[in-house]
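Colleague: I would like to learn how to read a model like this one, feature by feature. Where shall we start?

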Amino acid sequence: MKYVDEYRDQVQAERLAQAIARITTRPWSIMEMCGGQTHSIVKYGIDELLPTQISLLHGPGCPVCVTPLEMVDKALQIAARPEVIFCSFGDMLRVPGSGGDLFSVKAMGGDVRIVYSPLDALKLARENPLRQVVFFAVGFETTAPANAMAVFQAHTQKIPNFTVLVSHVLVPPAIAALLDAPDNRTQGFLAAGHVCTVMGFEEYFRLADRYHVPIVVTGFEPLDILQGILLCVRQLEAGHAEVENQYARSVQREGNRPAQALMEKVFRVVSRKWRGVGEIPRSGYCLRDEFSAYDAELRFGVADYHIDEDSECISGLVLRGVKRPHECPAFGGRCTPERPLGATMVSGEGTCAAYYRYRRRQNDPRAPQS
Amino acid sequence: MCLAVPGKLLSITGEGESRMGQVSFGGVGKEACLAFVPEVKVGDYVLVHAGFAISVLDEAEAAQTLEYFRQIGELGDLEGKG
């Protein structure tokens, strides 16, 4: 497939890894922000191609993983209502709330459906005017334009039985929160190529400058990631802290302006809780007041529900790159993708699930020393 | 979740927020909303996420990245021989 196969070439991958090894003189810790990149790294064994001085830290960029417990509980409460058709991307269905997950609601007779696009949920609302159709609008900036469009079309096409449960989070505030943490060990970032496809990378110049970290906007195929690491290591070795764009075939500096315009129209920035991390100021979206008629929290009276997280799971430390999955005593034993204790084991893009699927061994020489 | 897949745009229908296209992903066809890529033409490659095209892939930039890989390889070969 064009734009895919040519970025998976094994010989080129080895050459890029050799180029990284040639310029590396010291240990460096680089974090990839996006769960899709984590998945590629672990699946293709990219970290195993690198010199041992390079540690890849896996960041919090999996929206499924960081959706807070109380938002999952709200989804469960709404989905259990008899008048509701609850629509979600497939990977949210097994995320544990405090009393089961969306699959268990479905098993108890709830009408829970997996959709590919929020527009599919809107279509269901048109086709089922006597039911309430709710879409679980989870995601980073990549997904926000799609969800904004579903709300906007519901508004312009006057579809009264459609609402969204919004749990949108934003990447740059999370990078700042990670770098502000006293236990931070990240020295350079691979920024998420698809988030930047939508948002551009203007915002990253301020972060690179303020925290003196190189940030390389990076794609998702193995060669993209290796080139991103090469560019990042080259900056680290030279003491630079600049923003570079490895993924120029998709990402422009200003991002996708029509998408941003619609997001701006439908959403406003608010503080959000991140599962395992806590509240981060101005780190997410909610609907603007003009679109509050499409807010599932208001329609179903769950806006004031709050609950604290279980402290047993270390997913918060894993999400911040402080711990690796196999440093958790529950990893692979009491906690598996079939019976996850926490969010990073649930989603296919969660760090724990990726390690469980592709790499179950315990002794990783690149595990950070504590 | 931020998975986005490149595909070739085969046809366009509608306009504005309802502009839709048929996109081929390695031979498998699927519909995508084109509202966010007003510049797109039939034959272009788009990156599709959750039923929406979020960018038109830039062929010249893609070629430049592949050229970079090739040069890195040559550099390694030269140093290997030296």
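Modeller: With a helix pair, in what is a predicted model. Helix 9 of chain A packs against helix 11 of chain A at an angle of about 5°, and their axes are 10 Å apart.

Colleague: How does that angle translate into words: is helix 9 of chain A roughly parallel to helix 11 of chain A, or roughly antiparallel?

Modeller: Angles under 35 degrees count as roughly parallel. So helix 9 of chain A is roughly parallel to helix 11 of chain A.

Colleague: Which residues make the contact?

Modeller: Helix 9 of chain A uses P172(A), I175(A), A176(A) and L179(A). Helix 11 of chain A answers with E203(A), Y204(A), L207(A) and Y211(A). By class, that contact has 7 nonpolar, no polar and 1 charged residues.

Colleague: Which residues of helix 9 of chain A are buried?

Modeller: A residue is buried if 20 or more other C-beta atoms lie within 10 Å of its own. In helix 9, residues 171-180 of chain A, that holds for V171(A), P172(A), P173(A), A174(A), I175(A) and L178(A).

Colleague: What covers the buried residues of helix 9 of chain A?

Modeller: The cover includes helix 10 (193-199) and helix 11 (202-211) of chain A. Strands contribute too: strand 1 (28-34), strand 2 (54-61), strand 7 (188-192) and strand 11 (278-287) of chain A are among the covering elements.

Colleague: Several of those are strands. How do I read a sheet order?

Modeller: Read it across the sheet, neighbour by neighbour. One open sheet of chain A has 5 strands in the order 2-1-7-8-9, with parallel pairing. Its edge strands are strand 2 and strand 9 (243-245) of chain A, and each pairs on one side only. The twist averages 25° from one strand to the next.

Colleague: How many bridges hold the neighbours in this sheet, for example strand 1 and strand 2 of chain A?

Modeller: Strand 1 and strand 2 of chain A pair in the parallel sense over 6 bridges. S29(A) has S55(A) in strand 2 as its bridge partner. On to strand 7 of chain A: 3 bridges join strand 1 to it, again running parallel. There M31(A) is partnered by F189(A). Strand 7 and strand 8 (residues 215-218) of chain A then pair over 4 bridges in the parallel sense. F189(A) has I215(A) as its partner in strand 8 of chain A.

Colleague: Is strand 7 of chain A mostly covered, or mostly exposed?

Modeller: Mostly covered. Of its 5 residues, 5 are buried. As a general point, side chains in a regular strand alternate between the two faces of the sheet.

Colleague: And the other sheet?

Modeller: In that open sheet of chain A, 6 strands follow the order 4-3-5-6-11-10, and the pairing is mixed. Strand 4 (111-114) and strand 10 (267-274) of chain A stand at the edges with a single partner strand each, so one side of each has no neighbour in the sheet. Neighbouring strands are turned by 25° against each other on average, direction ignored.

Colleague: Which strand does strand 3 of chain A pair with in the parallel sense?

Modeller: Strand 3 (residues 84-88) of chain A pairs that way with strand 5 (residues 132-139) of chain A, over 4 bridges. C87(A) stands opposite F135(A) in strand 5 of chain A.

Colleague: Which helix lies across strand 5, strand 6, strand 10 and strand 11 of chain A?

Modeller: Helix 8 (residues 144-156) of chain A does, running at about 155° to strand 6 (162-169) of chain A. N147(A) sits in helix 8 of chain A.

Colleague: Why does N147(A) count as buried?

Modeller: Because 29 other C-beta atoms lie within 10 Å of N147(A). Leaving aside its neighbours within four places in sequence, N147(A) is in contact with P118(A), A137(A), G139(A) and V164(A).

Colleague: Step back to the whole of chain A. How many helices and strands are there?

Modeller: Chain A has 16 helices and 11 strands. Its radius of gyration is 21 Å, close to the 21 Å of the globule rule for 370 residues, so chain A is as compact as a globular protein of that length. Buried residues make up 57% of the 370.

Colleague: Last, chain B. How many of its residues are in contact with chain A?

Modeller: 30 residues of chain B are in contact with 45 residues of chain A. Helix 1 of chain B gives the most to that side of chain B, with 9 residues. The residues on that side of chain B divide into 20 nonpolar, 7 polar and 3 charged.

Conventions. Residues are numbered from 1 along each chain as its sequence is written. Chains are lettered from A and ligands numbered from 1 in the order in which they are written. This is a predicted model: local features need pLDDT of at least 70, side-chain atom pairs count only at pLDDT 80 or more; totals for chains, interfaces and linings use all residues. Two residues are in contact if their C-beta atoms, placed from the backbone, lie within 7 Å. Helices (H or I, at least four residues) and strands (E, at least two) are DSSP runs, numbered from the N terminus. Ala, Val, Leu, Ile, Met, Phe, Trp, Tyr, Cys and Pro count as nonpolar, Asp, Glu, Lys and Arg as charged, and the others, Gly among them, as polar. A residue is buried if 20 or more other C-beta atoms lie within 10 Å of its own, exposed if 12 or fewer, and partly exposed in between; C-beta atoms are placed from the backbone. Two strands pair if DSSP finds at least two bridges between them. Axes are lines fitted to C-alpha atoms, for helices over the stretch in contact, and angles run from 0 to 180 degrees between N-to-C directions. Angles under 35 degrees count as roughly parallel, over 145 as roughly antiparallel, 65 to 115 as roughly perpendicular and the rest as oblique. The radius of gyration is taken over C-alpha atoms; the globule rule is 2.2 Å times the number of residues to the power 0.38.
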